[in-house]
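Colleague: Please take a close look at one strand of this model and what surrounds it. Keep it plain enough for someone in their first year.

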Amino acid sequence: MLIKDQTASVRTIETPDDLAETRLEAIGYVFHGTLPKPDSKRAPKAGSNLLHFARCAKLDKVPDIEVKVWFRTIRGAKQHLDVQVGSGKWKWCKICEREITQKILNEA
């Protein structure tokens, strides 16, 4: 029986060094923002919860106090964020959104 490499597809980024390493690898996607507290009545705004490509230059400006999560795939990111943050409470970075749209157009 073959043993498959089961590396995590979701990882919390805890230190600035972790973020720097993730960006250097430039694989996957990085979310940053605020997660709603279970007892909170108000959810955070979608504009403060962004998903980026790991290589996005805007990640350099993210404050250390925000939650950062790395995802291997877009599908995994969407599923996780819809559950944890809420559907419609997060969005793509504008620069990354343009890039992925252009990539889809080029492939068509």
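Modeller: Start with a pairing of strands. S2 and S3 run antiparallel and are joined by four bridges. One residue of S2, Val 30, stands opposite His 52 in S3. S2 has another antiparallel partner, strand S4, which covers residues 67-71. Five bridges hold S2 and S4 together. Here Gly 33 is placed opposite Val 67 of S4.

A word of caution before going on. This is a predicted model, not an experimental one. The mean pLDDT of the protein is 81. Of its residues, 81% reach 70 or more. Residues 1-6 are another matter, with pLDDT below 50. Beyond near neighbours in sequence, that stretch makes zero contacts in the model.

Back to S2. Is the strand enclosed or open? Five of its five residues are buried, so S2 is largely enclosed by the rest of the structure. In a regular strand, side chains alternate between the two faces of the sheet. Take the two sides of S2 in turn. Tyr 29, Phe 31 and Gly 33 lie on one side, and they are buried. Val 30 and His 32 lie on the other, and they are buried too. Both faces of S2 are therefore covered.

Now follow the aromatic rings. The whole structure holds three aromatic pairs. One of them joins Tyr 29 and Phe 53. Their ring centres are 5.5 Å apart and their planes meet at 45°, so this pair is tilted. Tyr 29 sits in S2, residues 29-33, while Phe 53 sits in S3, residues 50-53. The two are 24 residues apart, so the pair links distant parts of the chain.

How buried are these two residues? Tyr 29 has 14% relative accessibility, and the cut-off for buried is under 20%, so Tyr 29 counts as buried. Phe 53 is buried as well, at 8%.

Phe 53 has a further ring partner, Trp 92. The centres of these rings are 5.6 Å apart and the planes are at 45°, so this pair is tilted too. Trp 92 belongs to strand S5, residues 91-92, so the pair ties S3 to a part that is 39 residues away in sequence. Trp 92 is buried, at 16% relative accessibility. Put the ring pairs together, and Tyr 29, Phe 53 and Trp 92 form a cluster. A charged side chain joins the picture at Phe 53. Arg 55 lies over the face of that ring, 4.9 Å from its centre.

Last, the cysteines. How many disulfides does the model have? The count is zero. A disulfide is a covalent bond between the sulfur atoms of two cysteines. Cys 93 is in none, and its nearest cysteine sulfur, in Cys 96, is 3.9 Å away. For Cys 96, the closest cysteine sulfur is that of Cys 56, at 3.6 Å. The cut-off is 2.5 Å, so that gap is too far for a bond. Cys 93 is buried, with a relative accessible area of 2%. Cys 96 is buried too, at 2% relative accessibility.

Conventions:
Residues numbered from 1 in each chain as written. Predicted model: local features only at pLDDT ≥ 70, side-chain atom pairs only at ≥ 80, totals over all residues. Heavy atoms only, no water. Phe/Tyr/Trp six-rings, centres within 6.5 Å; stacked < 30°, edge-to-face > 60°. Buried < 20%, exposed > 50% of the residue type's maximum accessible area, 1.4 Å probe, protein only. Lys NZ or Arg CZ within 6 Å of the ring centre and 35° of its normal. pLDDT = per-residue confidence, 0-100. Contact = heavy atoms within 4.5 Å. Pairing = 2+ DSSP bridges.
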